[in-house]
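Colleague: Please take a close look at the cysteine pairs of this protein, and then relate them to the charged side-chain contacts and the main pocket. A connected account, with the burial of each partner where available, would serve me best.

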Amino acid sequence: AQIGPPGLELQSTDGVIKVKVSPPEANQRKKMWIDDLSFKYNLVFWENSSHAQLQSKNIFPVDSIDDLAPDSTYCFKVQANLPMEAKQGLFSPISCVKTTQKAVHDLLCATNLSVVALNMKFLLLWNPQEDQEVNYNVQYLYGFQKKLNDDYSDKWRSVPRCENITSTCCNFSSIITTMGFYYLRVQASKGHSKSCLSREIKVDPLKTNGIGPPGVRLDLSESLLHILISPPGGAENEFMRDNYDLSYRILYWKNSSDKEEEVKQKEVKQTMATVPDVSPSSLYCVKVQAFSQPYNKSSAYSQQQCIHTPAGTPLPLIIFGIFTSALLVVLLVATTVVFMFYHIYNKIKYVFFPSCQPPLNIEGFGTQLLSSPYLSAAEEPVENCCVIESVITEEGNEIDFTDYKHSKQSSRDSGNYSNDDSSGSKGSKETLGKEIV
């Protein structure tokens, strides 16, 4: 489908041409292009003279054209485009209008509006045209309201703490967010009858804002140099921390008086970096720059920070210390192992090889050793002995033998008994033999 021509209305006032564009099919009940806000309008205009030069400008549905020659006739035509679909519409019919002279009181207007922004702190600056005292009122408008087809002239708001001021500076950081963009202007007034509006200036916060240098702090641990970085604007500045994908470029060098050291560079994403193997008794200096690749922005370098590394420990002393420490550890481990083995050995010897012996005068145990203090002793073996006595009667040859049994008699008692009566027994045996014969 072809995009039809939009409507165009022109108004000339105070040397400015006000333009109002209505979308294609604005007065139709049935529409091909339902979303009117998706249109982008291209305005072409020229001065109606023999040496006319065409000028082109992308405008909002309600906009104004200034910097035109006074008392001159200008002609305009506009087309509606859809960039996302690569479609260009037809131009509207040509309309012409004559500019007027600027009013005398326009000399009150603020000129050369500019915005200075650093770490999401925004200042609006302008120049006055008169030396006399003039009051200023800074106003702002949300950018999306210009995209609407309605008149936004009554949508301007005053910036807090920038109302009826005499200075030519306004801090408007309080109204800024990272969503969308803004337009600002300054209204100058003198008395109750004279006032003038300045030209508008567009502010896109993330694009307009500048990145300040980061904070840097240095620390040492052994042979390492630690570089601690604070984001631009400080850790409490959430806008800088959350909306810019910041990286850091670190320059560091050894500051030596006898020779010039090479400056080394290091880039990191995190807010901490480490430089290894720094020399003892040396002065190291560092400076850091923050940059954002998505926005193609970079900050100035931070102030140079330096730190002096302590004197190093002599190598022989380090070796001696390591050797002494290792020796102490080995001795401690060896002592512990020997003590454990000695304790285990004593336990085994006490259980299986006891050193204690029972007294010899304990009845029934003899001289046999106990095998273990925890085991019951076996019953002592005994000998069964008897004494045979012969009795010879005068009346007959009958011999009576009387047995005396001794049970559970120790070998020691039997031996004593045999030794004492050995001679008597021998005589008795001989006499007994003879009697029998």
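Modeller: Cysteine 285 is buried, since its relative accessible area is 0%. In this predicted model, the sulfur of cysteine 285 is bonded to that of cysteine 306, with an S to S distance of 2.0 Å. The partner, cysteine 306, has a relative accessibility of 36% and therefore counts as partly exposed. The torsion about this S-S bond is about 105 degrees, so the disulfide is right-handed. Cysteine 285 belongs to strand β22 (residues 283-292) and cysteine 306 to strand β24 (residues 305-308), so the bond ties together parts that are 21 residues apart in sequence.

The disulfide just described is one of four found in a search of the whole structure. Another joins cysteine 75 to cysteine 96, with the sulfur atoms 1.9 Å apart. Cysteine 75 lies in strand β6 and cysteine 96 in strand β8 (residues 95-98), so this pair ties together parts that are 21 residues apart in sequence. The link of cysteine 75 and cysteine 96 is right-handed, with 100 degrees about the S-S bond. Here cysteine 75 is buried, at 4% relative accessibility, whereas cysteine 96 is partly exposed, with a relative accessible area of 42%.

A further disulfide connects cysteine 109 with cysteine 196, at an S to S distance of 1.3 Å. This pair links distant parts of the chain: cysteine 109 is in the loop between β8 and β9, cysteine 196 is in strand β15, and the two are 87 residues apart. Both cysteine 109 and cysteine 196 are buried.

When the bonded cysteines of the protein chain are numbered in sequence order, the pairing reads 1-2, 3-6, 4-5, 7-8. Cysteine 169 takes part in no disulfide; the nearest cysteine sulfur belongs to cysteine 170 and is 7.2 Å away. A disulfide requires two cysteine sulfur atoms within 2.5 Å, so a separation of 7.2 Å does not qualify. Cysteine 169 is partly exposed, with a relative accessible area of 31%.

Turning to the charged contacts, a search of the whole structure finds seven salt bridges. One of them pairs arginine 249 with glutamate 267, at 3.1 Å from N to O. Arginine 249 lies in strand β19 (residues 246-254) and glutamate 267 in strand β20 (residues 264-268), so the contact ties together parts that are 18 residues apart in sequence. Arginine 249 is buried, with a relative accessible area of 19%, while glutamate 267, at 46% relative accessibility, counts as partly exposed.

Lysine 31 forms a salt bridge with aspartate 36, and their closest N and O atoms are 3.8 Å apart. Lysine 31 is partly exposed at 35% relative accessibility, and aspartate 36 is buried at 18%.

Aspartate 67 and arginine 199 also meet through their side chains in a salt bridge, at 3.6 Å from N to O. Aspartate 67 is in the loop between β5 and β6 (73-82), arginine 199 is in the loop between β15 and β16, and the pair links distant parts of the chain, 132 residues apart. Both ends are open to the surroundings in terms of accessible area: aspartate 67 is exposed at 61%, and arginine 199 is exposed at 53%. Salt bridges with shared partners join Asp66, Asp67 and Arg199 into one network.

Asp66 brings us to the pocket. The largest pocket has a volume of about 1,400 Å³. Among the 42 residues lining this pocket, the closest to its centre are Val16, Ser64, Asp66, Ser198 and Glu200. The elements that contribute two or more residues to the lining are β1 (7-13), β2 (16-22), β4 (55-59), β5 (62-65), β9 (111-118), β14 (182-190), β15 (194-197) and β16 (201-203). Strand β15, which holds cysteine 196, is thus one of the contributing elements. By residue type, the lining divides into 15 nonpolar, 11 polar and 16 charged residues. Domain 1 (7-99) and domain 2 (111-208) each supply at least three residues to the lining.

Notes
Residues are numbered from 1 along each chain as its sequence is written. This is a predicted model: local features need pLDDT of at least 70, side-chain atom pairs count only at pLDDT 80 or more; totals for chains, interfaces and linings use all residues. Side-chain values use heavy atoms; hydrogens and water are left out. On a 1 Å grid over the protein atoms alone, a cavity is a set of points where a 1.4 Å probe fits but cannot get out, and a pocket is an open set with protein on both sides within 12 Å along at least five of seven lines; lining residues have an atom within 4 Å of a point. Grid points are joined across faces, edges and corners, and a volume is the space filled by probe spheres set on the points. Helices (H or I, at least four residues) and strands (E, at least two) are DSSP runs, numbered from the N terminus. Ala, Val, Leu, Ile, Met, Phe, Trp, Tyr, Cys and Pro count as nonpolar, Asp, Glu, Lys and Arg as charged, and the others, Gly among them, as polar. Domain bounds come from an automatic or database domain assignment. A salt bridge is a side-chain nitrogen of Lys or Arg within 4 Å of a carboxyl oxygen of Asp or Glu. Buried means under 20% relative accessible area, exposed over 50%, partly exposed in between (1.4 Å probe, protein chains only).
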